[in-house]
There are 2 protein chains.
Amino acid sequence: MKIVSLDQVEKNVVNMEGATGAWKQIPLGSKDNAPVYAYRVFTVEPGGNTPFHSHPYEHMNYVIDGRGVLVNKNGEETPIQTGDFALVDPNEKHQYRNTGDKPFIMICGVPKEFE
Amino acid sequence: MKIVSLDQVEKNVVNMEGATGAWKQIPLGSKDNAPVYAYRVFTVEPGGNTPFHSHPYEHMNYVIDGRGVLVNKNGEETPIQTGDFALVDPNEKHQYRNTGDKPFIMICGVPKEFE
């Protein structure tokens, strides 16, 4: 059993190409012997975004705070905000953009091999 | 890709023995073709609790709102509140109790076979 608050978790800038103003934390994952999944948290600054990309694994998101859009493979934007859940399928091109005036903070769960 | 808000998701009372004032939703899971994991949400009313039990799979929690305790196998209580993450290991006996004066709402992710 492990209990952890987000403010106790190391926070690192996302250096991936195409990412702007994005930060990553891993509150629960391999280091905790999580058997299957890892919970990462991304914080995107106002005006920032995650890369417009795809990968062979899905992710399951929960928006902890903020307002943004989730961009699909065709570049179409769907608003997403505090309290919303999203599933991005394996190999589906996507991007998160913060369209609000405060940090956009979301859980991004993935199979632990890809944390 | 799927985006859903919690208030759009069917909510059912938890009829499991030992559960009191607990409700379940499944915002993302098998019905959405989630490949690996399912995100369930449990809402526990003030004074309510989940069963004191164990199961062969882990769960990974995030407290969306409220204040409670997570009870371990020895009956020891650890406070847990909005913004906290918890990992409960496979076969580890545990219970959530709402000790606050408003609903205790948490994500409870599990391998989708056990949603």
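Two strands count as paired if DSSP finds at least two bridges between them. Keep that in your pocket for the exercises below, which walk through a predicted model.

**Exercise 1. Work out which strands pair with E4(B), and over how many bridges.**

Step 1. Start with E10(B): E4(B) and E10(B) are joined by eight bridges and run antiparallel. If you want a spot to look at, find Ala38(B), whose bridge partner in E10(B) is Val110(B).

Step 2. Now look at E3(B). This strand is also antiparallel to E4(B), with six bridges between them. Here Thr20(B) has Asn49(B) of E4(B) as its bridge partner.

Step 3. Check how covered the strand is. Of the 13 residues of E4(B), 10 are buried, so the strand is largely enclosed by the rest of the structure.

**Exercise 2. Do the job again for E4 of chain A, residues 37-49.**

Step 1. E4(A) pairs with strand E10 (residues 104-111) of chain A through eight bridges, in the antiparallel sense. One place to look is Phe42(A), which sits opposite Met106(A) in E10(A).

Step 2. Strand E3 (residues 20-28) of chain A joins E4(A) by six bridges, again antiparallel. Ala22(A) faces Val44(A) of E4(A) there.

Step 3. For burial, 10 of the 13 residues of this strand are buried, so E4(A) is largely enclosed by the rest of the structure.

**Exercise 3. Find how the two chains are related, and which parts of chain B touch chain A.**

Step 1. Try laying chain B on chain A. A turn of 180 degrees with a shift of 0.0 Å along the axis does it, at an RMSD of 0.0 Å. The two copies are thus related as by a two-fold rotation axis.

Step 2. Count the residues in the contact: 34 come from chain B and 34 from chain A. On the chain B side, seven strands are worth tracing, as E1 (2-5), E3 (20-28), E4 (37-49), E5 (59-65), E7 (77-81), E8 (84-88) and E10 (104-111) each supply at least two residues. E8(B) gives the most, with five residues.

Step 3. Sort that side by class, and you get 22 nonpolar, six polar and six charged residues.

Step 4. Compare the surfaces. Since 100% of the interface residues of chain B are also interface residues in chain A, the copies meet through the same surface.

Step 5. Look for strand pairing across the chains. Strand E8 (residues 84-88) of chain A pairs with E1(B), antiparallel and over four bridges. Within that region, Ala86(A) stands opposite Ile3(B) of E1(B).

**Exercise 4. Decide whether Leu28(B) and Glu77(B) are buried, partly exposed or exposed.**

Step 1. You need the cut-offs: 20 or more other C-beta atoms within 10 Å makes a residue buried, 12 or fewer makes it exposed, and anything in between is partly exposed.

Step 2. Leu28(B), in strand E3 of chain B, has 29 C-beta neighbours inside 10 Å, so it counts as buried. Setting aside neighbours within four places in sequence, Leu28(B) contacts Met60(A), Phe85(A) and Leu87(A) in chain A, plus Ala34(B), Ala38(B) and Tyr39(B) in chain B.

Step 3. Glu77(B) belongs to strand E7 of chain B. With 13 C-beta neighbours inside 10 Å, Glu77(B) counts as partly exposed. Beyond residues up to four places away, Glu77(B) touches Val69(B) and Val71(B).

**Exercise 5. Locate the residues with the most contacts inside the largest nonpolar core.**

Step 1. That core has 56 residues, and the ones with the most contacts inside it are Tyr62, Met106 and Ile107, from chain A and chain B alike.

Step 2. Follow Tyr62(A). Leaving out neighbours within four places in sequence, its contacts are Phe85(A), Met106(A), Ile107(A), Tyr39(B), Tyr62(B) and Ile107(B).

**Exercise 6. Describe the hairpin of E6(A) and E7(A).**

Step 1. Strands E6 (residues 67-71) and E7 (residues 77-81) of chain A run antiparallel and are joined by five bridges. Leu70(A), for instance, has Thr78(A) in E7(A) as its bridge partner.

Step 2. Between the strands lie five residues, and Gly75(A) takes a positive phi near 85 degrees in this hairpin.

**Exercise 7. Check the confidence scores of the model.**

Step 1. Chain A has a mean pLDDT of 97, and 100% of its residues reach 70 or more.

Step 2. For the model, ipTM is 0.96 and pTM is 0.97.

Methods: Residues are numbered from 1 along each chain as its sequence is written. Chains are lettered from A and ligands numbered from 1 in the order in which they are written. This is a predicted model: local features need pLDDT of at least 70, side-chain atom pairs count only at pLDDT 80 or more; totals for chains, interfaces and linings use all residues. pLDDT is the predictor's confidence in each residue, from 0 to 100. Two residues are in contact if their C-beta atoms, placed from the backbone, lie within 7 Å. Ala, Val, Leu, Ile, Met, Phe, Trp, Tyr, Cys and Pro count as nonpolar, Asp, Glu, Lys and Arg as charged, and the others, Gly among them, as polar. Copies are superposed by least squares on the C-alpha atoms of residues with pLDDT of at least 70 in both. A nonpolar core is a set of buried Ala, Val, Leu, Ile, Met, Phe, Trp, Tyr and Cys residues joined through C-beta atoms within 7 Å.
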